[in-house]
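Colleague: I'm new to this structure and would like a close look at one part of it. Please pick a spot, go through it slowly, and then tell me how the rest of the chain fits around it.

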Amino acid sequence: MMENQLYLKTIKRLKRAGVNVKRQREVVEFLVDEIERYRRKIANLETRIEYPVLYKCNGKRCDVCKKDVCELTSDIRYAKNFVMDGNLFVETPLSDQKTRS
Ligand SMILES: [Zn+2]
């Protein structure tokens, strides 16, 4: 597997640089976590490509939206009923009420 080669190469290089075993392990653990994180990110992106989600457009996206032609957008950054909260997109309470009525 490609990652195993990466870990071995990393350990080799750290050894050569005189890094102790404990620190070597920390670095490899960090790499394992990062690779896992990126893998999840890629899986999310693949899902979004395969099953696109459309959001009610906030009308600020482009000229088309301003002309009231566009109702939906696949770009969540321009979704009417979602707000950015830190690094998360959160559905607004207002849109919740609308869907229930
Ligand atoms: Zn639009």
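**The hairpin and its surroundings**

Modeller: Let's start with S3 and S4, which form a hairpin with two residues between them; in that turn, Gly86 has a positive phi of about 65 degrees. The labels are easy to follow: helices (H or I, at least four residues) and strands (E, at least two) are DSSP runs, numbered from the N terminus. Keep in mind that this is a predicted model: local features need pLDDT of at least 70, side-chain atom pairs count only at pLDDT 80 or more, and totals for chains, interfaces and linings use all residues. Residue numbers start from 1 along each chain as its sequence is written.

Strand S3 covers residues 82-85 and strand S4 covers residues 88-91. They pair in the antiparallel sense over four bridges (pairing takes at least two DSSP bridges between two strands). You can check this at both ends of S3. Phe82 has Glu91 in S4 as its bridge partner, while Asp85 stands opposite Leu88, also in S4.

Now zoom in on Phe89, which sits in strand S4. Phe89 has 13 C-beta neighbours inside 10 Å, so Phe89 counts as partly exposed. The scale is simple: a residue is buried with 20 or more other C-beta atoms within 10 Å of its own, exposed with 12 or fewer, and partly exposed in between, with C-beta atoms placed from the backbone. Setting aside residues up to four places away in sequence, Phe89 touches Ile76, Phe82 and Met84 (contact: C-beta atoms, placed from the backbone, within 7 Å). Ile76 is 13 residues from Phe89 along the chain, and their C-alpha atoms are separated by 7.9 Å.

Walking back along the chain, you come to Ser74, in the loop between strand S2 (72-73) and S3. With 12 C-beta neighbours inside 10 Å, Ser74 counts as exposed. Leaving out neighbours within four places in sequence, Ser74 is in contact with Pro52, Val53 and Leu54. Arg48 is 26 residues away from Ser74 along the chain, yet their C-alpha atoms are separated by 9.5 Å.

Arg48 leads us back to the helices. Helix H2 takes in residues 21-50, and helix H1 takes in residues 2-16. What does H1 do about its length? Its 15 residues should span 21 Å at 1.5 Å a residue, and its end C-alpha atoms are 21 Å apart, which agrees. (The expected span is 1.5 Å times one less than the number of residues.) For the 30 residues of H2, the expected span is 44 Å and the end C-alpha atoms are 43 Å apart, which agrees too. Just after H1, Gly18 takes a positive phi of about 80 degrees.

H1 and H2 pack at an angle of about 150 degrees, with their axes 10 Å apart. (Axes are lines fitted to C-alpha atoms, for helices over the stretch in contact, and angles run from 0 to 180 degrees between N-to-C directions.) The two helices are therefore roughly antiparallel to each other (roughly antiparallel means over 145 degrees). On the H1 side, the residues that meet H2 include Leu6, Thr10 and Leu14; on the H2 side, Val27, Leu31 and Ile35 are among them.

Val27, in helix H2, makes a good stop here. Not counting residues up to four places away in sequence, Val27 touches Thr10 and Leu14. Val27 and Leu14 are 13 residues apart in sequence and 9.0 Å apart in space, C-alpha to C-alpha. With 15 C-beta neighbours inside 10 Å, Val27 counts as partly exposed. The number of buried residues in H1 is zero, so H1 lies largely in the open. H2 also has zero buried residues, so H2 lies largely in the open.

Stepping back, the protein chain has four helices and four strands, running α-α-β-α-β-β-β-α from the N terminus on. Buried residues make up 4% of its 101 residues. Among contacts with a separation of 6 or more, residues 24 or more positions apart account for 15%.

Note on methods
Contact = placed C-beta atoms within 7 Å. Parallel < 35°, antiparallel > 145°, perpendicular 65-115°, else oblique.
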